[in-house]
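Have your viewer ready and follow along, one selection at a time. Each stop tells you what to pick and what you will find there.

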Amino acid sequence: MVPGGFGRGFVAGQGQFIGLVDLHGQQAGDFVAVSRGHVHEALSPGHTRRALGSLFFTVGGCLYSNHGRPMFRVVRDDADGRHDANVPACDPTRYSVEFGVQGHRNCLENLYEGLAEFGLDILDVPEPFNFFQNGPVAPDGRMRLADPVSRPGDMIVLEVLMDVACALSPCPQDIIPGNGLVVTDMRVIVSNTMIAP
Amino acid sequence: MPLLLKHQAAEPLPAEAHITVAHGTAGIIRAHRGQFLRITDVAGGQPAGLVGFVADNLAEFLSPHHTRVFSNSYVLTLGMRMVTNLRRPMMVLGRDTTRRHDLLLPGSDRRSLDAAGLPEEQGCTEAMRAALAEAALQPPKLPDPINLFLDVTVALDGRLTVGAAPSRAGDTIICRVLIDTIFVVAGCASGVAPGERGGPLRVDVVNEL
């Protein structure tokens with residue numbers, strides 16, 4: 001269990017499955033991963049966009065590393081593709097510059113704490129996939145702010161295609177739409193077999 | 001024409017600078033607060049990868065990702081603030097004859113160009129690393145670039161369409177620079193846009209328009 005607004009690191013091996021569960025619904029979870037063999041090979045939203053030709057992925061599609069290699073395959077998605085891979089992790093400046101709030105918990109530091117033991121600097125924390133975050137496209141290429149549509153217990157399951165170190169931060173954003181203004185807990189499951197409902 | 005401040009700085013703007021970036025390479029140019037950065041596709045059909053490091057702190061840099069969310073826009077449009085990873089405006093896109101740029105895709109690199117069947121082209125990433133090394137600059141990270149003159153359209157369903165190289169000979173962007181910055185400009189193949197022609201880029205830091 002990862003408490004809402006905090007972060008946890010974990011490892012998974014090639015062939016395993018990672019399940020990320022939005023326990024109470026409407027909670028975005030920032031997720032990053034690096035190769036355990038080479039920590040500068042990282043899960044990359046940008047390379048995934050280029051490979052998929054889309055902002056969004058679908059079940060059966062892969063998520064790619066910055067070396068252009070598939071790192072995960074999406075094998076189950078209760079949120080039906082409504083995830084964001086566009087918004088950088090919230091960090092101290094997200095709150096101090098944009099909302100005048102100092103000392104707010106934030107995903108960047110949560111993810112860094114989760115990965116620090118693998119030798120990463122905070123600048124090495126990759127751009128995140130923000131699972132369950134709802135990032136629809138509005139006309140003229142605008143981003144529309146929206147709350148997640150995920151329901152309690154909704155899960156995304158990733159098949160792990162290379163040995164990885166990961167971190168998950170149930171986003172502490174409680175000021176603008178993104179988590180329904182209420183930050184809640186998530187669960188991480190790492191399993192040797194496909195995770196069933 | 002420096003920024004129109006109520007109390008003008010005692011120091012005038014520093015000297016103007018000009019570089020030409022040959023296809024397949026990257027160049028470095030410094031700009032001070034108040035100067036203009038102008039990037040011109042001399043012959044047309046050449047995208048420009050753009051990275052910028054804050055001159056007195058290379059760990060702060062131009063970020064396409066923070067730029068998108070700062071303006072709630074997937075695409076770069078006229079008047080948008082281009083911000084750093086610390087959400088400070090580095091410059092503003094003030095003039096733009098092409099209106100086709102990209103904030104979403106990574107820069108090309110050796111792997112992506114090989115995969116695209118372009119083994120003879122140089123990657124944006126490698127060209128920038130080489131230019132930084134030659135200038136004895138060691139930033140802690142090479143960030144993702146803003147891809148100028150790369151036409152990526154975002155559909156309502158999230159699909160990305162890369163159009164043919166959009167810039168014609170002489171197409172230009174001009175930005176008013178707000179933070180003293182070391183810019184790296186790469187003139188490399190994108191590996192994703194049809195119709196690129198591989199010409200030089202002209203990069204000017206000027207005090208007058």
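Start by selecting residues 164-170 of chain A, which form strand β10: 7 of its 7 residues are buried, so the strand is largely enclosed by the rest of the structure. Here, buried means that 20 or more other C-beta atoms, placed from the backbone, lie within 10 Å of the residue's own. Strands are DSSP runs of E with at least two residues, helices are runs of H or I with at least four, and both are numbered from the N terminus.

Before moving on, a word on what you are viewing. This is a predicted model, in which local features need pLDDT of at least 70 and side-chain atom pairs count only at pLDDT 80 or more, while totals for chains, interfaces and linings use all residues. Residues are numbered from 1 along each chain as its sequence is written, and chains are lettered from A and ligands numbered from 1 in the order in which they are written. The model scores ipTM 0.95 and pTM 0.96. For chain B, the mean pLDDT (the predictor's confidence in each residue, from 0 to 100) is 97, and 100% of its residues reach 70 or more.

**Around β10(A)**

Show the side chains of β10(A). In a regular strand the side chains alternate between the two faces of the sheet. A:Val164, A:Cys166, A:Leu168 and A:Pro170 lie on one side, A:Ala165, A:Ala167 and A:Ser169 on the other, and all are buried.

Which strands pair with β10(A)? Pairing requires at least two DSSP bridges between two strands. Add β1(A), residues 8-12, which runs antiparallel to β10(A) over 5 bridges; A:Gly9 sits opposite A:Ala167. Then add β3(A), residues 29-35, joined to β10(A) by 7 bridges, also antiparallel; here A:Ala33 has A:Cys166 as its bridge partner.

**Into the core**

Keep A:Cys166 highlighted and select B:Val185: these have the most contacts inside the largest nonpolar core, which has 102 residues. Such a core is a set of buried Ala, Val, Leu, Ile, Met, Phe, Trp, Tyr and Cys residues joined through C-beta atoms within 7 Å. Among the residues that B:Val185 touches are B:Val21, B:Ile39, B:Leu50 and B:Leu201, contact meaning C-beta atoms, placed from the backbone, within 7 Å.

**A sheet in chain B**

From B:Ile39, move to its bridge partner B:Ile173 in β12(B). Their strands, β3 (residues 36-41) and β12 (residues 171-177) of chain B, are antiparallel over 6 bridges. Now show the whole open sheet of 6 strands, β1-β14-β3-β12-β7-β6 (chain B), with antiparallel pairing. At its edges are β1 (17-21) and β6 (81-83) of chain B, each with a single partner strand, so one side of each has no neighbour in the sheet.

**Where the chains meet**

Next, display the contact between the chains, made of 25 residues from chain A and 26 residues from chain B. On the chain A side, α1 (45-52), α2 (92-99) and β8 (142-143) each supply at least two residues, and α1(A) gives the most, with 4 residues.

Is α1(A) mostly covered or uncovered? Mostly covered: 6 of its 8 residues are buried, including A:His47 and A:Arg50. The cover includes β4 (62-64) and β6 (129-131) of chain A, together with β11 (160-162) of chain B. Just past the helix, check A:Gly53, which has a positive phi of about 65°.

**Last stop**

Select β4(A), which pairs antiparallel with β5(A), residues 70-77, over 3 bridges. Look there for A:Cys62 opposite A:Arg73.

Terms used:
Buried ≥ 20, exposed ≤ 12 C-beta atoms within 10 Å, placed from the backbone. Contact = placed C-beta atoms within 7 Å. Lists of a residue's contacts leave out its neighbours within four places in sequence.
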